[in-house]
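Grab a pencil and work through a few exercises on the model shown below. Each one sets a task and then walks through a solution.

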Amino acid sequence: MYVTVENVNKTYQHHGAPFHALNGINLEFGRGEFICLLGPSGCGKSTLLNLLAGFERPTSGRVTIDGVLVEAPSPRYVTIFQNQNLLPWRTVQKNVELGLESRKLPRKERHERAARCLDLVGLGGFARHHPQQLSGGMRQRVAFAGALAMEPEIIFMDEPFGALDALTRMEMQDELLKLQKTQKKTVVFVTHDIEEAVFLADKVVVMTPNPGKIKSVIPVHLEDAHDRTGSDFLAIRDRIFGEFELKQKDRTEYFI
């Protein structure tokens with residue numbers, strides 16, 4: 001498998017006492033798959049993402065990508081957070097070029113690659129704008145363009161749409177799925193939204209808290225990937241709700 005998590009545990013010290021964030025995590029997935037880490041707050045999904053991305057190391061166990069032990073962040077992978085971290089004094093074009101500057105690419109190549117990626121996300125006409133002139137969804141697209149410009153093997157995403165309104169969120173889900181399929185990127189996406197996970201993922205990794213564990217890995221096969229009301233979509237959604245053993249009245253509160 002392309003990504004392998006073997007018997008991973010993660011423990012922090014909290015006020016002098018151990019806090020077990022993850023316990024006995026085993027996970028495998030292939031190149032080009034879209035994986036959603038799904039669960040309520042406190043289940044360790046962001047911690048697992050950080051281990052995969054190399055920002056943290058497990059207390060025990062190991063994480064490998066393409067057979068290589070993950071011990072630190074790599075330029076082969078990029079991470080997009082809910083806060084886009086765009087620099088307000090730089091134009092959209094220059095924000096997309098920022099990561100390329102760290103790689104010391106020639107100016108012409110940086111400009112051409114950034115322009116190409118802005119076209120991919122539908123922002124080719126906004127290259128000279130500044131972030132404060134854009135909507136939240138447009139700023140998130142700039143973050144996508146910056147990630148794509150780095151030509152990563154894997155894109156890690158930690159609840160990137162959490163601050164968006166419902167309609168913009170659905171629009172961004174459509175855009176992300178289209179980009180992932182056309183670019184054939186591996187994506188690991190953290191969310192606590194079940195419908196978002198079903199819409200986006202090839203596999204949904206269901207996590208439960210105290211400590212964080214993987215309860216199940218559910219493959220998603222939809223006849224129409226863009227139909228959020230189809231019987232197959234609803235069946236998978238309800239199966240995931242069943243994994244958490246929630247009654248209808250408890251469902252919203254559990255995932256806040």
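Buried means under 20% relative accessible area, exposed means over 50%, and partly exposed is anything in between, with a 1.4 Å probe and protein chains only. Before starting, note that this is a predicted model, where local features need pLDDT of at least 70, side-chain atom pairs count only at pLDDT 80 or more, and totals for chains, interfaces and linings use all residues. Residues are numbered from 1 along each chain as its sequence is written, and side-chain values use heavy atoms, with hydrogens and water left out.

**Exercise 1. Overall build**

Work out whether the radius of gyration of the protein chain agrees or disagrees with that of a compact globule.

Solution. Start with the rule: take 2.2 Å times the number of residues to the power 0.38, with the radius taken over C-alpha atoms. For 256 residues this gives a value near 18 Å, and the protein chain has 19 Å, which agrees. Next, look at the extents: the C-alpha trace spans about 50 × 40 × 35 Å along its principal axes. Then burial: 49% of the 256 residues count as buried. Finally, take contacts (heavy atoms within 4.5 Å) between residues at least 6 apart in sequence: 67% of them join residues at least 24 apart.

**Exercise 2. The cores**

Find which residues have the most contacts inside the largest nonpolar core.

Solution. First, the term: a nonpolar core is a set of buried Ala, Val, Leu, Ile, Met, Phe, Trp, Tyr and Cys residues joined through side-chain atoms within 4.5 Å. The largest one has 51 residues, and Phe 144, Phe 189 and Ile 240 have the most contacts inside it. Helix 4 (residues 136-149) gives the most to this core, 7 residues in total. Helices here are DSSP runs of H or I with at least four residues, strands are runs of E with at least two, and both are numbered from the N terminus. Now zoom in on Phe 189: beyond its neighbours within four places in sequence, its contacts include Phe 34, Met 157, Phe 161 and Leu 200. A separate core of 26 residues has Val 8, Leu 37, Val 70 and Tyr 77 among its members.

**Exercise 3. Two helices**

Say which residues of helix 2 are buried, and what they pack against.

Solution. Helix 2 covers residues 92-102, and its buried residues are Val 92, Gln 93, Asn 95, Val 96, Glu 97 and Leu 100. They pack against helix 3 (107-120) and helix 4. From the helix 3 side, pick Arg 110: at 14% relative accessibility, this arginine counts as buried. Setting aside neighbours within four places, Arg 110 touches Glu 97, Leu 100, Glu 101 and Leu 105.

Compare helix 1 (residues 45-53): 8 of its 9 residues are buried, so it is largely enclosed by the rest of the structure. Lys 45 and Asn 50 are among those buried residues. Check what comes after each helix too: Gly 54 follows helix 1 with a positive phi near 90°, and Lys 104 follows helix 2 with a positive phi near 60°.

**Exercise 4. Backbone oddities**

Locate Pro 211 and describe the peptide bond leading to it from Asn 210.

Solution. Pro 211 sits in the loop between strand 9 (203-208) and strand 10 (213-219). The bond from Asn 210 to Pro 211 is cis, with omega near -15°. Asn 210 belongs to the loop between strand 9 and strand 10, has a positive phi of about 65° without being a glycine, and is exposed, with a relative accessible area of 69%. For another non-glycine with positive phi, go to Asn 7, at about 50°; its place is in strand 1 (residues 3-14).
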